[in-house]
Amino acid sequence: MTVLLQAKRLVQQYETGGGLFRTAAKVRAVDGIDLQIRAGEILGIVGESGSGKSTLGRMLLGLESPHEGEVLWKGAALPKLRSPEWRALRREMQLIFQDPLAALDRRMTIKDQIAEPLQIHGLASGAALEARVAELMRKVGLRPDQGARYPHELSGGQRQRVVIARALAMSPKFLVCDEPVSALDVSIQAQVVNLLRDLQASEGLTMVFISHDLKVVRNLCDRVAVMYLGRVVEEGPADEVFADPRHPYTQALVSSVPRAGVGLSDRILLQGEPPNPAARPKGCAFHPRCAMAESLCSGAVPELARHRGRMTACLRQQAIARAAA
């Protein structure tokens with residue numbers, strides 16, 4: 001398949017904690033990530049809170065400029081932030097937000113909010129605009145008469161459908177879904193996930209699905225990239241990653257997913273909390289919490305490399321493979 005979007009050695013660095021008598025600490029939220037996203041696929045990005053998932057998603061869309069590295073869209077570098085070329089590219093790249101109520105204007109009706117991007121880009125007006133808004137609402141499972149309502153008059157699932165309809169208004173090629181179901185009830189989560197799957201098939205969308213819910217990622221995504229402290233530690237087809245996780249961190253994540261009729265006796269419990277990104281451990285960032293760690297793990301940073309058909313970043317990959325055999 002054609003590579004639609006590519007990230008090359010992406011780094012995003014922030015400064016935090018500075019003051020009159022203190023030097024600001026430098027935090028690498030994203031630390032040297034390489035990714036290729038193919039046209040028509042859904043890439044899941046998973047990891048604990050603070051691993052850099054949302055920051056990476058915003059960088060892929062060009063909403064944040066990288067501190068280092070670059071993002072290529074159809075082989076060309078993304079245009080400068082807020083330039084005319086960047087604004088034109090918004091028609092092809094859209095974001096679905098985590099909190100639909102915060103993403104919507106409470107003073108505007110639903111139909112006006114769905115129509116707004118079409119008006120800004122001059123894509124429809126008059127009767128054609130009304131017809132397009134009604135079509136989008138039906139496509140995401142809303143009734144056109146609900147367009148006269150305000151966000152607070154809808155349920156959480158309905159508001160999320162409005163956000164999806166607005167993202168689809170300009171027929172984009174690429175969507176980044178940032179925790180789009182985390183604030184919803186389980187039954188509504190299933191409806192939204194099924195909606196995204198149907199839209200991906202009917203519209204030919206390419207998606208990045210950011211989530212900490214591995215059950216949803218397993219059911220929806222074609223490939224998975226597992227992030228830990230700003231780096232990708234494992235990447236591969238979703239079925240293979242969940243059936244045979246290779247990195248110790250991925251193994252711990254997968255073991256925590258409940259399965260019907262199966263106890264949690266084999267669950268891998270990680271010790272301690274994720275390290276402070278401003279005081280990143282030397283060597284492998286995961287080694288303070290890894291049961292397989294040895295002295296070499298604190299001395300060198302593992303690079304993401306192919307091993308036995310899977311991309312992993314672990315210095316002890318061969319020893320882990322022998323233990324699992």
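Hi everyone, let me start with one residue, Arg90: this arginine is buried, yet Arg90 has no salt bridge. The nearest side chain of opposite charge belongs to Glu92, and that one is 9.3 Å away. Please keep in mind as I go on that this is a predicted model.

So where does Arg90 sit in the chain? You'll find Arg90 in the loop that links helix α2, residues 84–89, to strand β6, residues 93–96. And what does Arg90 touch, once we leave out residues up to four places away in sequence? The answer is Leu61, Leu63, His121 and Met170.

Now let's step back to the whole protein chain. Its secondary structure consists of eleven helices and twelve strands. Measuring along the principal axes, the C-alpha trace spans about 70 × 55 × 45 Å. For 325 residues, a compact globule would be expected to have a radius of gyration near 20 Å, and the protein chain agrees with that because its value is 21 Å.

What about the inside and the surface? Of the 325 residues, 49% count as buried, and Arg90 is one of the buried residues. The accessible surface of the chain is about 15,800 Å², and carbon and sulfur atoms hold 50% of that.

On contacts: if we take those with a separation of 6 or more, 64% join residues 24 or more positions apart.

Last, the charges. The protein chain carries 42 positive and 34 negative ones, and their mean positions are 2 Å apart.

That's my tour, thanks for listening!

Key:
Residues numbered from 1 in each chain as written. Predicted model: local features only at pLDDT ≥ 70, side-chain atom pairs only at ≥ 80, totals over all residues. Heavy atoms only, no water. Helix = DSSP H or I, 4+ residues; strand = E, 2+ residues; numbered from the N terminus. Rg over C-alpha atoms; globule rule 2.2 N^0.38 Å. Buried < 20%, exposed > 50% of the residue type's maximum accessible area, 1.4 Å probe, protein only. Contact = heavy atoms within 4.5 Å. Areas by Shrake-Rupley, 256 points an atom, 1.4 Å probe, with all protein chains shown as cover. Lys, Arg positive; Asp, Glu negative; His and termini not counted. Charge placed at Lys NZ, Arg CZ, Asp CG, Glu CD. Salt bridge = Lys/Arg side-chain N within 4 Å of Asp/Glu carboxyl O.
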